[in-house]
Every structure is written in C-alpha cells, then in structure tokens.
Amino acid sequence: MMKREKTLSILLILTLVFSIVFSSVSVSNAATYTGKYWLKVNEQRNVVTAYKKIDGKWKPVRAMLCSTGLGGTTPKGTFYTQGKWRWGALMNDVYGQYCTHITEDILFHSVYYKDCYKKNTQVTSQFNLLGSAASHGCIRLSVMDAKWIYNNCKVGTKVTVYRSATSGPLGKPKPIKVSQSRYAYWDPTDPDPANPYFKIRKPVITVSSKKKLNVQYGSKYDLKSYVNAKDPNTFMNLKSRIKVSKVQKYSSTKKKYVKASFTTKSLGTYKVTYTVNDPYSKSASKIVKIKVVDNLKAPVISGAKNRTVTWGDKNALGKVTAKQASASRTSAIKTHIKAPGSSEYRVYSNASAKKYVFSKTGTYHVKYVVKNKYSPYKAATKTIKITVKQGVVNKKPVLTIPADRTVLIGAVNAFEGVSAVHNGKDVTSRVKVSILAPGETEYTSYTQSEAKAYTFNQTGEYKIQYSIKNQYTPYQTVTKVLSVNVNANET
C-alpha cells in the first residue's frame, strides 16, 4: 500500500505505473458488474470469506487467511474491484503476485517478493504472519488464495471489509508455517509445478455412513452419492471436483482385482478409487469397496400364455423368457412337453424346445421350469396349453411376376415387380431366381441381390425363372417364367 495521505494526482500516476509495470492488466467498469462472488474481509480476525450466489442466495464457499493493515489501516466499507495485475509493484521496491485492485491504493495480493517474476524471493517471515495484521493497508494472501481471487472473481466483484470477533461462517483456516532459516524462498502454496517447496495440505475425501456399500443387483446407484471432499486449507467444498479415477473388480479366476467398469448388473466386489484435484492445492484419493449382490429370489418367467399354433409350426418355447435379479435365465429353462395321446412329459433343453415341431393336431401340455442360478432350490414353474390346428399350410404360395416385356440393351434389374405371399405373409425373400441368357442352353442361378443388379447386356430373348417352395411342405414348388426381349435401339 502507498501512503494513505497521497493525493488523487498520485493515484493517477500510480495507474500509469500499473499499466507499465504490471503484466496481464484487466480493468473494467465495476458498476456494471455484480458478479457471482462476494468477498468479505474480517479485518479483526484476518480472514477473507468468499460467498457465492447459489439459487439466489449468498452462501459461504471458501475461507482464506490474510494479513490486513497494521493499526486498522485497511479501509472499512463496501467496494467493487477495479482491475487485476498478474504481477504488481508495491511500495518499498517489492512485488506481489495476483493483484486485484479493491479501492484507491488497496489491493488483494500475495505476500510480497523482493524481485519481480522471481518466485523464490518471497520473504518467509512475512508469509508466517498470515492470519494477523502485517501490511500497510493492502490485504495479503497466500499465492493459492490470491490466485483463486484473481481467477474466479471478475472485475467489479463486491468486497466488504468489516470487523468482528467471529472469524466467519466457515471459521479461520489453520496457517501453514515455513522455515525462516532462509530470508526468502518460494510460497509453499504456489501451485507452480516448478515449486520445490509445495507443502500445502491435501484435500480430504470422506464417505458418509448413509452410502450403501452393499448394492442390490440391477438397482440404480450413483457412485458419487454421499462422497464428499473438502480443502482443509480453505474449508472449500470440493464435491463437484470428485471423479471416479479407477474401478477394479475382484476376479475369482485371477485371484486379484482387475480393471473394470462399475455396473449393478454384474455381481461382485468392486474397488472404487475416488480422486479430487484442486487446481489451487493438491490431489487426493480414497479407495472404497462396493459389493453388488443378488437378491436370491426365484426367477420370474414371462410370456408363458396359452396359445394356438398351426400344424407344422416350430418352437415350443415361443416368447417365454426367464430372469432373476442377477442374470437372464431363459437359456436355463427346461421345457416339459406332453404331446396329444401321450401320458408322460418329455423334457427339452432351451435349444431343443426352440427346434421342437408340432407334428400333431390337438392339445399339448407344456410346463416351463427354471431354477435360480445361485440357489437351485428356488425355482419357478408355469404350465400352459398349446392347441395345434391344421391350417392353410398346404396351400401353394402365390407368386406374382410382371408380364413379358421388351427392354433396351443395358437395362438393369431382373427382379423388378416380383413378389410372393404365403398364408398372408410376404415371403418374397424366399423366391429363387435363375436366368437363361440368349445363346445359352442352361439356366444360371442368382441371388436376389444379384438379380436386382443384373444387366441385360446383349440383344435377344432372356428367360427368367422364379420359384418358391412351401416352407411347411417343401415338395410344393411354384415356378413361373418371364420372357424379356432385349433390343439394341428404341423402336
């Protein structure tokens, strides 16, 4: 701080000096900016509390040790910051980092340095005075805190300086002390990677007793819920900076934890590493074990309903599925079938039940049984009736092809206008195609894709044969032949 009795003209000169000596200058019309932070400086307790506007209310978010002016020389009242300087020249040929102009010649800035830009020249005895009055009126802070204000509080931020015996709603942070065996050295809170003396306290991660560490399979689960982090240097809540940096799951085959993704749809024990990185202090990690467990109930069978099918239909399982809390059990379903005229059930596996052909008309009694994967004595059973009737399966498919036509050489598509229907279903995809080109004696088979891309590249008559078989009675085949005449020129 410059001497308080200096005149306005001196302040104007200072402004010019600032613009020359200070780097990274930022100046704005404070009256037009209200800001999302409000800095309250308790001059009596030498604590700065930062408030943030959250949902329309000012809430304390950060506490910072400071050194205000000796003898009450820091002006009281409410001000709005006027500018910022990355490095600033202070009185008596010393310098400060991360300077924020409050009013007149009063600044927020770091504890001072003997040399500008030389971070190893901060006076150690002055750093140890943080938390008590020590300046000529400016508000000194650690580099960590001065940088936080510089980075987060825009020009125009509201600043209130007051006196109170109570530090503030967050309290007064515990000071970090440095060795004074050296007259000057690095600020221990400076996050510069080159700082050899960075000794700030790490964030603290805590897990609330409300957090469930045994998780029901398939339930919704937020890994970050009830996990908190706080910066012990400023009491700042760092929950929003918590990240899940690593997840491992115990492998019973490898007998160790291996890299995995957390999911409540996979049983087992997970080792979750939470990490918080504070750009103004350090990082910290905490490992928490979370177990995903099965509920051990009987599986649930779905889709088992009485139904009617056509003779020759396949699949006794149909749309029947089974699921327990931890896994699908559809593949484990045992299908018990008692066919018409039979007195006993026969048991089929999942695969065999899907291939089962209803070869008789009448009523089939079908029973589905499935056991819990982890508790076999807990089983689910459902019984249905499947009625098999003779339908129209013996009718021939209806094959439709276009009329004989004439095209120009180079025309494309030997499958245009072809369709087939059987029992009300479109079965066009099963139509087979073969072509007898001019001059050839045998038909050549083509896939539908090849037929669609087929080019009539010579003049003369092409014969295209389309055929489709009854899927229930393959010996019933419908065949039709289309004649295509290819001309060289348009007639």
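**Entry 1: a helix**

How many of the 10 residues of H3 are buried? I'm looking at a predicted model here, so everything below is read off a prediction. I looked up H3 and found that 7 of its 10 residues are buried, so the rest of the structure largely encloses this helix. I wrote down which ones they are: Val143, Met144, Asp145, Ala146, Trp148, Ile149 and Tyr150.

**Entry 2: the largest pocket**

Next I went for the largest pocket. General idea first: rolling a probe the size of a water molecule over the atoms shows where empty space is left. Here the largest pocket holds about 340 Å³ of space. I listed the residues that line it and got 16, with Tyr37, Lys52, Met236, Asn237 and Ser240 closest to the centre. Which elements give two or more residues to the lining? They are strand S3 (47–54), strand S4 (57–67), helix H3 (143–152) and strand S16 (236–237). So my helix from the last entry turns up again, as one of the elements of the lining. I also sorted the lining by class: 8 residues are nonpolar, 3 are polar and 5 are charged.

**Entry 3: cysteines**

I wanted to know about disulfides. A disulfide is a covalent bond between the sulfur atoms of two cysteines. How many does a search of the whole structure find? The count is 0. I checked Cys66, which is in no disulfide: the nearest cysteine sulfur belongs to Cys138 and is 12 Å away. Cys66 is also buried, at a relative accessible area of 0%. Cys153 is in no disulfide either, and its nearest cysteine sulfur, the one of Cys66, is 14 Å away. I noted Cys153 as buried too, because its relative accessibility is 2% and the cut-off for buried is under 20%.

**Entry 4: a sheet with S14 and S18 at its edges**

On to strands. Strands of a sheet pair through backbone hydrogen bonds, either parallel or antiparallel. I traced an open sheet of 5 strands in the order S14-S20-S19-S17-S18, and its pairing is mixed. Why is one side of S14 and of S18 left without a neighbour in the sheet? Strand S14 (214–216) and strand S18 (256–259) are at the edges and have a single partner strand each, so nothing in the sheet sits on their other side. Ignoring direction, neighbouring strands here are turned by 35 degrees against each other on average. I zoomed in on strand S17 (residues 242–251) and S18: they run antiparallel and are joined by 4 bridges. In that pair, Ser251 stands opposite Lys256 of S18.

**Entry 5: a second open sheet**

I then followed another open sheet of 5 strands, ordered S30-S36-S35-S33-S34, again with mixed pairing. Its edge strands are strand S30 (405–408) and strand S34 (444–446), each pairing on one side only. The average turn between neighbouring strands is 30 degrees, direction ignored. S30 and strand S36 (residues 477–487) run parallel, with 4 bridges between them. I looked up Val407 and found Val486 in S36 as its bridge partner.

**Entry 6: S27 and two of its partners**

Last stop: strand S27. Strand S25 (residues 334–338) pairs with S27 (residues 362–371) in the antiparallel sense over 5 bridges. There, Lys338 has His365 of S27 as its bridge partner. S27 also pairs with strand S28 (residues 379–389), antiparallel as well, over 10 bridges. In this pairing I found Val366 opposite Ile384 of S28.

Conventions
Residues are numbered from 1 along each chain as its sequence is written. This is a predicted model: local features need pLDDT of at least 70, side-chain atom pairs count only at pLDDT 80 or more; totals for chains, interfaces and linings use all residues. Side-chain values use heavy atoms; hydrogens and water are left out. Two strands pair if DSSP finds at least two bridges between them. Axes are lines fitted to C-alpha atoms, for helices over the stretch in contact, and angles run from 0 to 180 degrees between N-to-C directions. On a 1 Å grid over the protein atoms alone, a cavity is a set of points where a 1.4 Å probe fits but cannot get out, and a pocket is an open set with protein on both sides within 12 Å along at least five of seven lines; lining residues have an atom within 4 Å of a point. Grid points are joined across faces, edges and corners, and a volume is the space filled by probe spheres set on the points. Ala, Val, Leu, Ile, Met, Phe, Trp, Tyr, Cys and Pro count as nonpolar, Asp, Glu, Lys and Arg as charged, and the others, Gly among them, as polar. Buried means under 20% relative accessible area, exposed over 50%, partly exposed in between (1.4 Å probe, protein chains only). A disulfide is a pair of cysteine sulfur atoms within 2.5 Å.
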